[in-house]
Amino acid sequence: MKKLILIICALMMAQLAQAVIETYDFDSEEQEQLYYEIINELRCPKCQNQTIADSDAPLSRDLRFIVQQKIKAGESKRQILAYMQERYGDFVLYDPPLQPANYILWFSPLIIFLVILAVVVARVGRRKVTLEDESNRADKEKGE
Amino acid sequence: MANKKVIITSIPIVIFTALVVVFWFSLGNDPTELPSQRIGKEVPEFRLSNLHNAEEFFTNQDLPNKPFLLNVWATWCVSCHVEHPYLVRFANQYPIPIIGLNYKDERVDALKYLQKGGDPYLFSIADEQGTMGIDLGVYGAPETFLVDGNGVIHHRYVGVIDNRVWNTIILPKMKELDPNLEQLEAAE
């Protein structure tokens, strides 16, 4: 039974590994690395929770092809990301730029953290005060 | 002190109500719908062949001088088959030019499709490689762009255009672009 489960798992992994079918030739190792870096940072506009490296959609295939062509033409990562952003918006970037429209995305975790921190500090601080009050009162009672 | 208790106990209720309001208004939103980056910009430059004649080429100069619709479609696109009869009817009923962009399709299939289902298009551009589609930011056919007489894109609709979409979105927006359309009545 355990063996069967293992085999099934192995088969599932094989399927995942096949997600990207085509292979491209690059002039250098750096170009190939850049290619994988970029396709793993671009979101597929059609199948929204996958990168274009991950996705089988025809649109992703086209976008990978464009990335490959542009890398071969010597374009930088910034140029390629700008090209995609110009067409599909910030949405295609898995690492969205820090600009007013995205402030809530970038800063809301920090703000929530600060709010919680403030609440905790306020509560703990107050408890100390009440403890002191009580011990004072106890001392007083003893004194009497 | 009693006041404070009231405030503290009401916090969860306030948060809950706020969430309900937010979720309620999000119900109508389609999260798969992306805003177009081409709004307010001109139709990207293109030079692509006529679907009906591979030897003849269209460029931006061939676009109409009055507001028109640019409809992105393909025979492999299932929703396009649903949309097609509507487009044929609207093309007959309204003086609004519709230009077809046949996106990543086989020319033979596309021509057969138009022959069988009717041709609603003023002319059809063949985007065999999908280059213009990508320049337009197309991610799911059918998509329809509302373009003014100067070739500037004003709106994009993603999805099937039926009577409801035509009457509530396309027609009102086209009337804004072209005052001559003001008298036109809704489709039935």
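Colleague: What makes R87(A) and D135(B) a salt bridge?

Modeller: In this predicted model, the closest N and O atoms of R87(A) and D135(B) are 2.9 Å apart, and because a salt bridge asks for a side-chain nitrogen of Lys or Arg within 4 Å of a carboxyl oxygen of Asp or Glu, the pair qualifies. The contact crosses between chains, running from R87(A) in helix 4 (residues 77-88) of chain A to D135(B) in helix 4 (residues 131-136) of chain B, and both R87(A) and D135(B) are buried.

Colleague: Which residues are joined with R87(A) and D135(B) into one network?

Modeller: Through salt bridges that share partners, E86(A) and R38(B) belong to one network with R87(A) and D135(B).

Colleague: Why is K70(A) called buried, and why is E75(A) called partly exposed?

Modeller: K70(A) has a relative accessibility of 15%, and because buried means under 20%, it is called buried. E75(A) stands at 25%, which lies between the cut-offs of 20% and 50%, so E75(A) is called partly exposed. The side chains of K70(A) and E75(A) meet in a salt bridge, with 3.3 Å from N to O.

Colleague: How do you know that R107(B) and E128(B) form a salt bridge, and which parts of the chain does the pair link?

Modeller: Their closest N and O atoms are 3.1 Å apart, and since the limit is within 4 Å, the pair is therefore counted. The pair links distant parts of the chain, with R107(B) in helix 3 (residues 107-117) of chain B and E128(B) in the loop between strand 5 (124-127) and helix 4, 21 residues apart. R107(B) is buried, because its relative accessible area of 17% is under 20%, whereas E128(B), at 41%, counts as partly exposed.

Colleague: Why is E29(A) called exposed?

Modeller: The relative accessible area of E29(A) is 57%, and because exposed means over 50%, the term applies. E29(A) is placed in helix 2 (residues 29-39) of chain A, and it forms a negative surface patch with D25(A), E30(A) and E32(A).

Colleague: Why is S26(B) called partly exposed?

Modeller: S26(B) has a relative accessible area of 33%, which is between 20% and 50%, so it is called partly exposed. S26(B) is found in helix 1 (residues 2-26) of chain B.

Colleague: What is known about residues 103-122 of chain A?

Modeller: UniProt, in an unreviewed entry, lists residues 103-122 of chain A under "transmembrane region", and in the model that span is 100% helix and 0% strand, with its end C-alpha atoms 27 Å apart.

Conventions:
Residues numbered from 1 in each chain as written. Chains lettered and ligands numbered in written order. Predicted model: local features only at pLDDT ≥ 70, side-chain atom pairs only at ≥ 80, totals over all residues. Heavy atoms only, no water. Patch = residues over 30% accessible without salt bridge, like charges linked within 9 Å, V, L, I, M, F, W, Y side chains within 5 Å. Areas by Shrake-Rupley, 256 points an atom, 1.4 Å probe, with all protein chains shown as cover. Lys, Arg positive; Asp, Glu negative; His and termini not counted. Charge placed at Lys NZ, Arg CZ, Asp CG, Glu CD. Helix = DSSP H or I, 4+ residues; strand = E, 2+ residues; numbered from the N terminus. Buried < 20%, exposed > 50% of the residue type's maximum accessible area, 1.4 Å probe, protein only. UniProt positions renumbered as here; feature names shortened; annotations may be inferred.
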